[in-house]
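Student: Could we go through this one together, beginning with the ligand and then moving on to the backbone?

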Amino acid sequence: MINKKIRYGLIGAGSNAERKHLNNYMTLPNVELVAICDVNIENAKRLAEKYNIQNVYGNYEEMLTNEKLDLVSVCTPNYLHAEISTYALSKGVNVHCEKPLAINAIEAQKIVDAKNQTGKKVMVGLNNRFTNEAVFLKKYIEEGYLGEIYQVKAGWIRRSGIPGRGTWFTNKDCAGGGVMIDLGVHYLDLALYLIGMPEPSYVTGSVHQNFSHTTTRNRNGYKGNPNGIFNVEDAAIGFIGLQTGATVNFEFSWASNIEQDKTYVEILGTKGGVSLINGELKIFSELLDTCVDISPKLNPNIKLMNEFEHFTNCILSGEELIAPAEHGVYMMNIIDHFYEASRRKEPVFFEKGKNKVLLLSSSF
Ligand SMILES: NC(=O)c1ccc[n+]([C@@H]2O[C@H](COP(=O)([O-])OP(=O)(O)OC[C@H]3O[C@@H](n4cnc5c(N)ncnc54)[C@H](O)[C@@H]3O)[C@@H](O)[C@H]2O)c1
């Protein structure tokens with residue numbers, strides 16, 4: 001397949017599809033934009049026209065049956081990720097599925113099983129793993145510069161950032177959860193990925209729903225539906241104990257009474273610490289018995305890793321995936337346990353040695 005163009009299709013022609021997937025796949029010389037699908041055919045037609053895509057569908061099964069595709073992006077609401085991804089895999093198509101991989105670990109595991117049966121590739125759209133800062137940090141930590149890691153903090157907190165009150169994002173059946181499954185999936189993932197996705201021992205915490213009544217806390221540019229359903233959390237705060245003995249604090253909010261929005265990952269080790277706060281990377285360590293702060297100057301003109309090029313390289317030449325489907329199962333398993341801990345109001349333990357397979361999830 002090395003000299004062949006990848007025949008690409010997109011399913012779910014919404015805002016993320018255009019901003020992220022089409023804008024990037026269209027720039028790759030070895031990718032041909034072949035087909036686009038949305039149940040709202042007007043959405044598909046609009047993007048087809050803009051990106052010069054010849055084949056427009058209102059049904060993804062039809063698209064995947066009629067077109068000989070090599071790769072699809074799945075950019076629909078979360079509850080459709082497993083159904084569509086497994087169908088695409090059954091048709092021999094590689095899948096770039098948006099985060100979260102699915103609405104829970106059982107659904108996510110179905111994607112992994114389908115991938116294993118077909119030998120095709122699945123990547124989760126975890127774009128925060130692909131920033132220059134994340135690429136640098138991953139290497140820095142792997143090289144052992146932090147020593148033994150004992151504490152991690154991760155958060156993405158917004159003052160007014162509900163992604164459309166009353167849309168599918170705030171409907172549990174469509175999204176699987178609220179801010180934890182929307183933003184937690186990005187930044188808890190980033191923190192755990194950077195430290196090598198260690199096995200969790202237990203998780204505890206609480207979800208809150210404090211802003212479902214108000215129309216004033218939508219994210220800029222997101223209108224929302226005043227009569228729509230809002231039955232998910234707008235804040236999620238928790239704590240993970242890892243088998244290594246290290247601990248993880250996390251907080252996520254779509255809306256909260258804070259001064260400013262903030263994204264952060266902080267990792268503390270015996271030899272050094274790092275922080276990535278609102279995209280700014282810093283390293284804290286010691287030199288000659290003196291505390292030093294280091295501000296790495298990554299060249300913004302050089303992109304160390306491109307999510308879309310990376311996935312096409314994985315398909316074409318077997319490059320190892322940075323965000324494989326198995327990592328999506330790992331994260332959904334932690335999130336399932338977190339939601340259960342919140343419901344029970346007590347810590348929920350993972351079965352030792354089996355963090356990457358389904359455990360309690362089936363009984364939640
Ligand atoms: N990685 C990121 O940074 C990022 C950012 C935003 C959204 N996302 C993810 O992308 C996905 C889509 O989010 P969005 O903000 O684009 O939502 P959106 O509501 O703007 O778009 C979803 C689209 O899917 C279409 N759709 C619904 N059912 C369909 C079906 N059966 N077949 C085909 N199309 C169907 C809808 O009509 C809509 O056009 C979500 O999973 C979300 O979590 C990821």
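Tutor: What follows takes the ligand site, then one helix, then some loop residues. This is a predicted model, in which local features need pLDDT of at least 70 and side-chain atom pairs count only at pLDDT 80 or more, while totals for chains, interfaces and linings use all residues. Residues are numbered from 1 along each chain as its sequence is written, and side-chain values use heavy atoms, with hydrogens and water left out.

Student: OK, how many residues surround the ligand, and which are the closest?

Tutor: The ligand is surrounded by 25 residues, and the closest are Asp-38, Asn-43, Asn-78, Asn-127 and Trp-168; a residue counts as near if one of its heavy atoms lies within 4 Å of the molecule.

Student: And what kinds of residues make up that shell?

Tutor: The shell divides into eight nonpolar, twelve polar and five charged residues, and domain 1 (6–127) and domain 2 (129–304 + 324–363) each supply at least three residues. Helix H1 (residues 15–25) gives the largest share, four residues.

Student: Which ligand atom does the Lys-20 side chain sit 3.3 Å from?

Tutor: A nitrogen atom of the ligand is 3.3 Å from an N or O atom in the Lys-20 side chain, which fits the cut-off for a polar contact (a pair of N or O atoms within 3.5 Å). For oxygen atoms of the ligand, a backbone N or O atom of Lys-99 lies at 2.9 Å, and a polar side-chain atom of His-186 lies at 3.4 Å. Taken alone the ligand exposes 850 Å², and the protein buries 85% of that, with areas from the Shrake-Rupley method and a 1.4 Å probe.

Student: Back to Lys-99, what is the peptide bond to Pro-100 like?

Tutor: That bond is cis, with omega near -10°, and Pro-100 lies in the loop between strand E5 (94–97) and helix H5 (105–118).

Student: Switching topic, why is H10 described as largely enclosed?

Tutor: Because 17 of its 20 residues are buried, H10 is largely enclosed by the rest of the structure, where buried means under 20% relative accessible area (1.4 Å probe, protein chains only). Helix H10 (residues 325–344) reaches 29 Å from its first C-alpha to its last, close to the 28 Å expected at 1.5 Å a residue, and the residue that follows H10, Lys-345, has a positive phi near 60°.

Student: And Met-197, buried or exposed?

Tutor: Met-197 is buried, with a relative accessible area of 7%, and has a positive phi of about 45° although it is not a glycine.

Conventions:
Polar contact = N/O pair within 3.5 Å; in protein donor to acceptor, adjacent residues only side chain to side chain. Helix = DSSP H or I, 4+ residues; strand = E, 2+ residues; numbered from the N terminus. Nonpolar A, V, L, I, M, F, W, Y, C, P; charged D, E, K, R; others polar. Domains from an automatic or database assignment. Expected span 1.5 Å × (residues − 1). Buried < 20%, exposed > 50% of the residue type's maximum accessible area, 1.4 Å probe, protein only.
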